[in-house]
Structures are given as structure tokens and as C-alpha cells.
Amino acid sequence: TELAETLHREARVPFRTGHEVASQLTTYGREQGKRPRDLTRAEVDAIYRRVTREALPLTDEQLRRAFDPLEVIRSRRGTGGPQPAETARMLEAQQAGAAADRAWTAARREHLAAATRRLRALLDTLAGAGN
């Protein structure tokens, strides 16, 4: 997907075309026992040419970034993305929510315990009045 997005973002290649290139590269990589970062530019260009009949419009650096998992993570933007700053923000929000839930639970337990004490006191009063 990152290759398709890079082709679209950097070279204005339609996403559908980029996705087809990425799909064929995936199939090729599996057949050859290669991960994306192990593919040569010539291999990527050959598959791109097979799909588009044109030369690969990315620089070596753009291609490297598209296949680098850390670069992919860093390049993500927006709420809920995997980038470190967003992950830290989500973790902090979840921790704050968990702390609020613990405080609410503790308050409810205390409320129930107080109600139980009042009920027992009333029951004791009623039991004593019956003598």
C-alpha cells in the first residue's frame, strides 16, 4: 500500500495503478523469496513497466522510503496512526481513561459499601424493635 501511496503522492500515478504494481510486486517477491526491501530497482522497474508501459517515476530514495517499515510508520499522519507521537498520545489518553474508570469504580464501591452499612443499621434497628 505504501508503494501505491508513494507513486500517487510523488508521481501522480493513479492509486489503482500503483496498487496493481504493488500487488504484482508482492506476488513476484513471494515467488522469488524476497521482501520488498530486497527487490532491486531493476525488478521494480520491470514490473512497473509491465503494468504501465512506462519507466518507474520514483527516485532510488523514494523507492527506499516506500519499502522501509520505519519510514512508513514515520510518514503516517492523522488520528489513530502508527507514528510515535500519535501512539504516545493515544497511550496517554487510554491511561487517563483507565485512571478515571478506576476512580469511578472506587467511588461506586464506597457508595455501595455505605448503602450496605445503612441497610444493616436499619435491619439491626428493626430486629431490635421486634424484641
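Q: Let me start with a single residue: which residues does Gln-83 touch, not counting residues up to four places away in sequence?

A: Happy to start there. Leaving out close sequence neighbours keeps the list to contacts made by the fold. In this model, which is a predicted one, Gln-83 touches Ile-73, Arg-74, Arg-76, Arg-77 and Gly-78. Gln-83 itself belongs to the loop between α5 (69-75) and α6.

Q: Is Gln-83 buried or exposed?

A: Relative accessibility is the value to read here, and buried means under 20%. Gln-83 counts as buried because its relative accessibility is 9%. You can also look at a pair of positions: Gln-83 and Glu-71 lie twelve residues apart in sequence, and their C-alpha atoms are 9.6 Å apart in space.

Q: Let me step back to the whole chain. How many helices and strands does the protein chain have?

A: Counting elements gives you the architecture in one glance. The protein chain has six helices and zero strands, so the order from the N terminus, by the DSSP runs, reads α-α-α-α-α-α.

Q: What radius of gyration does the protein chain have, set against a compact globule of 131 residues?

A: The radius of gyration is best read beside a reference for the chain length. A compact globule of 131 residues would come out near 14 Å, whereas the protein chain has 30 Å. The spans of the C-alpha trace along its principal axes add to the picture: about 100 × 30 × 25 Å.

Q: Where can I look for a pair of residues that illustrates those spans?

A: Try Ala-107, which sits in helix α6 (residues 84-129). The C-alpha atoms of Ala-107 and Ser-75 are separated by 43 Å, with their positions 32 residues apart along the chain. As for its surroundings, Ala-107 is partly exposed because its relative accessible area is 37%.

Q: What percentage of the residues of the protein chain count as buried?

A: The buried share is a per-residue tally, and here 22% of the 131 residues fall in that class. The surface can be read by area too: the protein chain exposes about 9500 Å², and carbon and sulfur atoms supply 55% of that.

Q: What percentage of the contacts with a separation of 6 or more comes from residues 24 or more positions apart?

A: This fraction tells you about contacts between distant parts of the sequence. In the protein chain it is 37%. Leu-56 gives a concrete case: Leu-56 and Leu-7 are 49 residues apart in sequence, yet their C-alpha atoms are 9.0 Å apart in space.

Q: What else does Leu-56 touch?

A: Beyond residues up to four places away, Leu-56 touches Leu-7, Arg-41, Val-44, Asp-45, Tyr-48 and Leu-63. Leu-56 lies in the loop between α3 and α4, and it is buried because its relative accessible area is 7%.

Q: How should I read a charged residue such as Glu-43: buried or exposed?

A: Check accessibility, then look for polar partners. Glu-43, in helix α3 (residues 41-52), counts as buried because its relative accessibility is 13%. The side chain of Glu-43 makes a polar contact with the side chain of Tyr-28 at 2.6 Å. Apart from neighbours within four places in sequence, Glu-43 is in contact with Leu-25, Tyr-28, Lys-34 and Asp-38.

Q: And how far apart are the mean positions of the positive and negative charges of the protein chain?

A: Comparing the two mean positions is a quick check on charge separation. For the 23 positive and 18 negative charges, those positions are 5 Å apart.

Q: Why would I look twice at a positive phi?

A: Because most residues other than glycine have a negative phi. Two arginines go the other way here. Arg-12 has a phi near 60 degrees, and it sits in the loop between α1 (2-11) and α2 (15-32). Arg-53 has a positive phi of about 65 degrees and lies in the loop between α3 and α4 (60-67).

Q: Are Arg-12 and Arg-53 buried or exposed?

A: Exposed means over 50% relative accessible area. Arg-12 is exposed, at 67%, and Arg-53 counts as exposed too, at 72%.

Q: What does the side chain of Thr-52 reach?

A: Side chains can pair with backbone atoms as well as with other side chains. The side chain of Thr-52 reaches the backbone nitrogen of Glu-54 at 3.1 Å. Thr-52 is in helix α3 and counts as buried, with a relative accessibility of 19%.

Notes: Residues numbered from 1 in each chain as written. Predicted model: local features only at pLDDT ≥ 70, side-chain atom pairs only at ≥ 80, totals over all residues. Heavy atoms only, no water. Helix = DSSP H or I, 4+ residues; strand = E, 2+ residues; numbered from the N terminus. Rg over C-alpha atoms; globule rule 2.2 N^0.38 Å. Buried < 20%, exposed > 50% of the residue type's maximum accessible area, 1.4 Å probe, protein only. Contact = heavy atoms within 4.5 Å. Areas by Shrake-Rupley, 256 points an atom, 1.4 Å probe, with all protein chains shown as cover. Lys, Arg positive; Asp, Glu negative; His and termini not counted. Charge placed at Lys NZ, Arg CZ, Asp CG, Glu CD. Polar contact = N/O pair within 3.5 Å; in protein donor to acceptor, adjacent residues only side chain to side chain.
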